[in-house]
Structure formats: structure tokens, C-alpha cells
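Hi,

Here is the structure I said I would pass on. Could you open it and keep it on screen while you read the notes underneath?

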Amino acid sequence: MKILVGFLRIFVGIFFIISGLVKLVDPVGFSFKLQDYFAPEVLNLEFLIPFSLGLSVFVLVFEVMLGIMLILGYAKKFTLWSLLLMIVFFTFLTLYSAVTGAVTDCGCFGSALQIDPITSFWKDVVLLVMILILFFGRKYIQPFFATSIRRIAVFVSLGLCLWLAYHVLIHLPIIDFRPYHIGANIQEGMSVPEDAPPPIIEYQWKYEIDGKERIIANTTGQDPKPEGGTRLGVETEFLREPYEPPIHDFSIERDDEDFTMQFLEEEHLIVVIAYNLDVTEEEGYENIKNVTNEALRKGYGVIGLSASSTEETETLAKKYGLNFKFYYCDMTTLKTIVRSNPGILELQKGTILQKFSWNDAMDMTFETLEGAMPNLDFDLKQQLDSIAVLDQKFRNESYGEHWKEQQQIDSTNLVWIEEVFKTKGYPGESLVGSPANRVAWLVVQHSDKISEYFPIIKKAAEEGELPLAYAATMEDRYLMEKGEPQWYGTQGMTFNLNSGEVVDIIWPIKDLEEVNARRQKAGFTTTVEENAKQLYGPDFEFSNYTLEEVELLKNK
């Protein structure tokens, strides 16, 4: 008994120390697991959710300290009673999870090792037996070292545990066991390896044979069709579940459009993660703003990811002057990627190169990339972003009840843009980045002053401050307003004839045989025929009218 107790004392002590430490390096992750247990559909202890982080730190530090105290033989009675009560509680939790299936991973070893509830329950049963042996054989547990040394060791250990908890809460886990650790490639984590074991499905064919119900099972999926039997149905059961990649719930979406692969292919991308704006650390956004502005100046792309609504993220961006857009991603996924809210990371074609909490965001380093924009004017960019929203406020209503309001907005926007032209010239990509460099063009395009400002737009495009296709589109509008043939076939017109017929046309094009070559050179990705169908529908047949034919249509 003495030998057994001596062995179990060391074994259980080390087990509790390891189990506590692998979670203590990531107490936020364990707090998420506690929230799973506190949820209404599990233990229905929602009132404890706000205290989950504090409880997490307490439980994990206590777990490590019990292991140390057991090995040292310090406060033997308190230690053994605490171990016994803790393992009884854990055994209850894992049994509850195993029976109900409400929590699929007990969280016993944090992200380092995932164990299903049934396995975890039997693990706790074994530990319970070991601790009971220690409890009833406690007379064989003799202290190591003198009382003063044990006391010093315990208090030093407690201090180190509390320091570790504080350090990883302020920064990030010092050891990252998750599939989003630095160096991991998200695309690879989402893929199924060629040698992954295939799923095995058992088919249970239910037949009535000679008046008795029988079940014939196989894994081929072929109906056995026994002679003289009447099939009653078939049920399936996985004998081996399909392989699930480490990363299986990562996506980037906005306005019902999927951008996942687009951003995972980017060479230099900074991603800000704020999984839930209701509980985000708002004091962190000053650091986030400064570091993302620096990234934009150095030529990096920047996006945000959040599970909160677009309205909430846009309000946040406006409040703190953030110069990037947020996209949607699942909250659980974002919590797994980074434990800070907000946090920030760098991706290179899906590989995580850097990752920081908001506290350490300013430690992020950047290289100066080709296409860097050191002179970015973020105040002007934000003003242009606001103008872009106003420009489209009632635009889709055409001549609806708010059209006069939209015309007033357009007039006000133009006055503001005219002042920018006078003081700064065209606000192009080197000054405000993209897509803010297109806002001034948009305002002029929707005004009656195209002829006055087209030279400024054309010069900006020639200098690379604006895509050539935008200048080409405005040039076509300018020519159409002058009653001359257009060059690129971007402009159309609708005629309401006296007969009641509605006729849609593409405004006459000069040198039609060269138009698609001109379009390609200007950066358009469609032919004039394809563009016409985009304007007027898939059944539209393109025809190049003459100016004379247009005049005839006007008079019909």
C-alpha cells in the first residue's frame, strides 16, 4: 500500500500539473469551454457566463497547485479533499456530456488534446479510483523537504501560475496548440489528405421474412434482397466517421458573397479579428488603427473579420476611424484563430506569419512593398468613403419619391469634390488608396459637369491614379452628351416611342471593328456585345446605330 500510494501520489500530481498547465497557457480558451457548459441547453447556468474567465483562471491555477501540493505533501488534508471534490465534479460533467451529447469535447487538456466525453468519463473514473486510494491511504503520504521549504515552493509556484495567467491574458498563449498557429497554412488545414481513411457506413436492411422482422447489415450499400423477403426500410450508421480537416469552418463573406479563396490567395494581407463587438476591448482600436494605417501605407491589404452585423462593424469603423472593411466569419472560428478581441495577424497566401493581441499590435513589422503608398491621406479617404455611401443612398430608386433628395446630395457632393480638385488635385490611389480613388470620378459621372472635369479624370487615369476603364467610361458619357459617337461602347440609351414601344440601344460607336481591342487596352474584361447584355439583359441583340438613326428614334 505504501508503494502504491507513493507511486499514485507522483502520478496524479504530475497529471494535474500537466492538465492544468496546458490549459493555463490559454485560459481564454478554457473560459469558452466553461461557457459551453453554462449554456441553457447544457447546465442552464447563464448567470455564470460573465464570470467564466475569472472562474477559468481560478480553476486552472488551483488544478496546477493541487498537483504541486500533492507531490510536496503540503496541506495534506486540504489537498486530498480538494482533489476528491474536483474529480467528482469533473466526473459528473463528463458523464453528463457523454449521456446528453451536449458538449462534444470536455476540454480536459484544452486545445492540446481533444477527447470525446465517453473517453474522458472513463479517464475521470480511473483518476477517481486513484484519488480514493490516496485519500484512504493518506497516512503513507509523507512530506518532502522541511516545512519552510515546502511553504516557499508553494508560494513561488502560485506566484508563477498567476504571472503566467496574467501574461497570456495580456498577450497571447505562449504555446499555440490550435490549427491557426504561426506557420500554419489555412488552405492546407482545410484540405483532406489523399491518404485520409474513407468513412465506413453500415447499412441495416430491415426485411420481413416468414412473418418475422429481420435486419441484414452490410457495408457495401447493396440491397441483399433475400428470397421471400419484403423490405421494410433501411437505416445507416457510421462505423467510421468521415475525415474532418483541422480547419473546417473557415470562410470570409460579405453581402452574401464568398471571398474566402480570394483573400487566402493574397500575398500580403493583414487581418483584424473582432469576433463579437458586444464584448470587444474598445481601448484596443487605437493600436489597431495605427498599425493598419501603417500596413496600408506599406502596400498591404487590410480586412476585418467579425461575427457581428455589417451595421455594427461599420459603426465601429466610423467611430474609431478604421480604414478597412469588415467581413463575416463564424464566431467560434474567430475565437479559435486568436484569443484577443480584437487581435491582428498577417497572412501570406493563407499562411499565418504574425499574430498579436491588440496590446502588442504595434510590435507587428512590415516591409515596404511594391506599390506602397507612403502619402496616404486617411482623413481624406474617410471623407471620400462617406461621400461614396451618400452617392448611392437613393440611386437605385431611379425617379422614385427620394430622387430629388438624391439630386440634392449629388449637388452637395460635387461642391465638396470641386474643392478637393482645387486644393489637392485628383484624389487618386497614391493619396487615398483603392477604392476611395474612384469616388471623385463617381461624383463627376453623376453630375452635369463632365465636360469641365473630364481632363482631370483623364490625366489621373494616365498617371495610374485611377483605372483606365473609368476614364474611358466617362469619355463615352462626355461624347454622348455632345452628340458624338462613343469610343468604348459603355453608354446606352432608352427611347419611349409614341407608339408605347420601349427601345434600348447602345449609343453609336466610332470604328466599331476596333472597339473590343480598345476596350481590352482600357482594362475592360468584356466585349461590347457582352457589355450590352449586362446592361439590357441576356436576350438583348447588339446593333451599332448611326447618329442619324438615333435622331429618327428621338422623333418617333
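What follows is a short tour of the salt bridges, the nonpolar cores and a couple of strand residues.

One thing before you start: this is a predicted model.

Salt bridges first. There are 17 of them in the structure. A good one to look up is K23 with E63, where the closest N and O atoms are 3.2 Å apart. K23 belongs to helix α1 (residues 2-24) and E63 to helix α3 (residues 52-72), so this pair ties together parts that are 40 residues apart in sequence. Are the two partners buried or exposed? K23 is buried, at 4% relative accessibility, and E63 is buried too, with a relative accessible area of 4%.

Next, have a look at D36 and K33. They form a salt bridge as well, with 3.6 Å between the closest N and O atoms. This one is local: the residues sit three apart in helix α2 (residues 27-38), which means about one helical turn separates them. D36 is partly exposed, its relative accessible area being 36%, whereas K33 counts as buried at 15% relative accessibility.

Further along the chain, K449 pairs with E418, and here the closest N and O atoms are 3.0 Å apart. K449 is in the loop between α15 (439-445) and α16 (450-462) while E418 is in helix α13, so the bridge ties together parts 31 residues apart in sequence. Helix α13 itself covers residues 403-424. K449 is partly exposed, with a relative accessible area of 28%, but E418 comes out as buried at 13% relative accessibility. If you leave aside neighbours within four places in sequence, the contacts of E418 are K449 and Y453. There is a network to show as well: D176, R178 and K355 are joined into one by salt bridges that share partners.

Now a charged residue without such a partner. E202 is in strand β1 (residues 200-209). What is the nearest side chain of opposite charge to E202, and how far away is it? It is K206, 13 Å away, and E202 is buried yet has no salt bridge. The E202 side chain does have a polar contact of 2.9 Å with the side chain of Q204. Not counting residues up to four places away in sequence, E202 touches A217, N218, T219, E235, T236, E237 and L239.

Then there is I215, in strand β2 (residues 212-218). Nonpolar side chains tend to be buried together in soluble globular proteins. I215, though, has a relative accessible area of 53%, and since exposed means over 50%, it counts as exposed. Beyond four places in sequence, I215 touches Q204, W205 and K206. For a sense of scale, the C-alpha atoms of I215 and G73 are separated by 59 Å, with their positions 142 residues apart along the chain.

On to the cores. The largest nonpolar core has 27 residues, and those touching the most other members are I270, Y285, I288, L322 and I344. Which elements each supply at least two residues of this core? They are β6 (269-273), α9 (285-297) and α10 (310-320). Of the contributors, α9 gives the most, with five residues. Y285 is worth clicking on: setting aside neighbours within four places in sequence, Y285 is in contact with A274, L277, T280, L316, Y320, L322 and P342. Another core, of 26 residues, lies apart from that one, and its members include W441, L442, I457 and M474.

Last, the cysteines. How many disulfides are there? The count is zero. C161 counts as buried at 6% relative accessibility, and C329 counts as buried at 0%.

If you only have time for a few stops, I would pick the K23 and E63 bridge between α1 and α3, E202, buried with no salt bridge, and Y285 in the largest nonpolar core.

Cheers

How values were computed:
Residues numbered from 1 in each chain as written. Predicted model: local features only at pLDDT ≥ 70, side-chain atom pairs only at ≥ 80, totals over all residues. Heavy atoms only, no water. Helix = DSSP H or I, 4+ residues; strand = E, 2+ residues; numbered from the N terminus. Buried < 20%, exposed > 50% of the residue type's maximum accessible area, 1.4 Å probe, protein only. Lys, Arg positive; Asp, Glu negative; His and termini not counted. Salt bridge = Lys/Arg side-chain N within 4 Å of Asp/Glu carboxyl O. Polar contact = N/O pair within 3.5 Å; in protein donor to acceptor, adjacent residues only side chain to side chain. Contact = heavy atoms within 4.5 Å. Core = buried A, V, L, I, M, F, W, Y, C linked by side-chain atoms within 4.5 Å. Disulfide = S-S within 2.5 Å.
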